[in-house]
Amino acid sequence: MGYRYHIAMTNFIPTIIIGAGAAGLFCAAQLGKLGQQVSVFDNGKKIGRKILMSGGGFCNFTNLDVSAANYLSQNPHFVKSALSRFNQWDFIAKVAEHGIPYHEKELGQLFCDNGAQDIVAMLQQECAANGVHIQLRSSVESVQRLVGHENARFQLQINGQSWYCRNLVVASGGLSMPGLGATPLGYQLAEQFAIKVIPPRAALVPFTYREADKFLVCLAGISLPVTIQAQCGQSFTNQMLFTHRGISGPAVLQISNYWQPNQHLVIDLLPHHSIIEEIKQGKSNTPKLQLKTLLGRLLPKKLVELWLKAGLLQDETLANLSNTRMENIAQLIHQWHFTPNGTEGYRTAEVTAGGVDTHALSSKTMQAKDIEGLFFIGEVLDVTGWLGGYNFQWAWSSAFACAQAIHDLDQ
């Protein structure tokens, strides 16, 4: 038998969670409710910083329709277990239990009526009610795996002080929104313990213009419904917004998860109409109508004017339009090939794609298969949801699965 020695109980906590975001706080609250002793450490000045910024400050906390198909991962089946054991209806019931008013915005997206602070307050109350200790402005300097200790499996140096725990939950998030204190700590810990990390990249993020497309800058602020398709075949229909730097809006953020550098996107700027049918009908009813006038009724006038100015369109009466010209107009409107220069990066990305390889974890418990007591939850994992509340639902579901597992393992 190896030599075992006792750790001062003042420095020993059965479960330590790194990160006071959505996943970390929810996991802590669930553990506390199950009678587990748990402390949360975070490098920030306040909890739930990203929650407060989400959904324009109103927190799109889940979606009415959640399935594995709404997530990207190199291990696509990984999310199924956790999502089934704590689903959107479970979290909606939690929100209702706290009397938080909410509404459906579109496509099943649920937002707080009053603001994201309601969700943070709910998590804070649940943690406080269940004895969870939260320590802010706490920088994790190192983590070591211990062998031969009576209780502890890990030793952490936090702000120069040693802490010991049996279970370590990494809920440190990704690299998006670095202004809110994002760090690569979770990825570094995974690599330290020989767990593969899928290269992280900005996701749910706007695209920037190449030099050739910068003439579109004057359209900044204009929004229109589009269908946008990536080269892999995935497409989304929603709003697109022209910005001073490129294109954004829900449709663009969604497709950014599927775009690869140097690939082009195909954008249908008039997804609910056939421009050829519109022109044919116009030819029949109002043959003397100018093309510019017809297009101005269907698309933003400023966009039509810019096309004319750039020579991408020639104005003439509908009667004079040949079939070839109509085909060219249809291609311009329904098949705009747009090649981004890149994305705006982590600064404006809503989430981080890639992350801790889920093949190394149990999908039921979130525990590393080869390292007892080490858990990863939330955005730090290689699980990326669509825009619309799916990433928050993953935070809740993975946190719940982890908390249940720790409770069961410690019995």
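This talk walks through one predicted model, from the overall fold to a few individual residues.

Let me start with the chain as a whole. It has 411 residues, of which 55% are buried, and its secondary structure consists of twelve helices and 21 strands. If you lay the C-alpha trace along its principal axes, the chain spans about 95 × 40 × 35 Å. As for how the contacts are distributed along the sequence, among those with a separation of 6 or more, 72% are between residues 24 or more positions apart.

Now to a pair of helices. Two packed helices are described by the angle between their axes and the distance between the axes. For helix α4, residues 88-97, and helix α5, residues 117-129, the axes come within 11 Å and cross at roughly 85°. An angle from 65 to 115 degrees counts as roughly perpendicular, and α4 and α5 are therefore roughly perpendicular to each other. Which residues make up this contact? On the α4 side they are Phe91, Lys94, Val95 and Glu97, and these meet Ile119, Met122 and Glu126 of α5. Sorted by class, the contact of α4 with α5 contains four nonpolar residues and three charged ones, with no polar residue.

Phe91 takes us on to the aromatic residues. Searching the whole structure gives 20 aromatic pairs. One of them joins Phe61 and Phe91 in a tilted arrangement, with 5.9 Å from centre to centre and 50° between the planes. This pair links distant parts of the chain, since Phe61 sits in strand β3, residues 60-63, while Phe91 belongs to helix α4, and the two are 30 residues apart. Are these two rings' residues buried or exposed? Both Phe61 and Phe91 are buried. They also belong to a cluster, in which ring pairs link Phe26, Phe61, Phe86, Phe91, Tyr102, Phe392, Trp396 and Phe400.

Let me stay with the C-terminal part of the sequence and turn to helix α12, residues 390-409, where Ala399 lies. Ala399 counts as buried because its relative accessibility is 0%, and a residue needs to be under 20% for that label. Setting aside residues up to four places away in sequence, Ala399 touches Ala23, Phe26, Cys27, Ile377 and Trp394. Its C-alpha is also 7.1 Å from that of Gly378, although Ala399 and Gly378 are 21 residues apart in sequence.

Ile377 and Trp394 come back when we look at Met366, which lies in the loop between β19, residues 351-356, and β20, residues 374-376. At 0% relative accessibility, Met366 is again a buried residue. Leaving aside sequence neighbours within four places, its contacts include Phe78, Ala82, Leu361, Phe376, Ile377, Trp394, Ser398 and Cys402. With Ile377 the C-alpha distance is 6.6 Å, for a separation of eleven residues in sequence.

A further buried set belongs to helix α9, residues 291-298, where the buried residues are Leu291, Leu294, Leu295 and Gly296. What do they pack against? Their partners are α8 (275-285), α10 (301-310) and α11 (323-334).

I would next like to point out two residues for their backbone angles. Leu107, which is not a glycine, has a positive phi of about 50°, and it is found in the loop between β5 (102-104) and β6 (109-112). With a relative accessibility of 58%, Leu107 counts as exposed. Asn262 is not a glycine either, and has a positive phi of about 75°; its place is in the loop between α7 (250-256) and β16 (265-268). Asn262 is exposed as well, with a relative accessible area of 72%.

Asn262 also appears in the surroundings of Thr339, a residue in the loop between β17 (336-338) and β18 (342-343). Beyond residues up to four places away in sequence, Thr339 touches Arg210, Asp213, Asn262, Gln263 and His264. Thr339 itself is buried, at a relative accessible area of 18%, a value to be read against the cut-off of under 20%.

Finally, one charge over a ring, which you may wish to find on screen: Lys105 lies over the face of Phe111, at 5.0 Å from the ring centre.

How values were computed. Residues numbered from 1 in each chain as written. Predicted model: local features only at pLDDT ≥ 70, side-chain atom pairs only at ≥ 80, totals over all residues. Heavy atoms only, no water. Axes fitted to C-alpha atoms, helices over the stretch in contact; angles between N-to-C directions. Helix = DSSP H or I, 4+ residues; strand = E, 2+ residues; numbered from the N terminus. Parallel < 35°, antiparallel > 145°, perpendicular 65-115°, else oblique. Contact = heavy atoms within 4.5 Å. Nonpolar A, V, L, I, M, F, W, Y, C, P; charged D, E, K, R; others polar. Phe/Tyr/Trp six-rings, centres within 6.5 Å; stacked < 30°, edge-to-face > 60°. Buried < 20%, exposed > 50% of the residue type's maximum accessible area, 1.4 Å probe, protein only. Lys NZ or Arg CZ within 6 Å of the ring centre and 35° of its normal.
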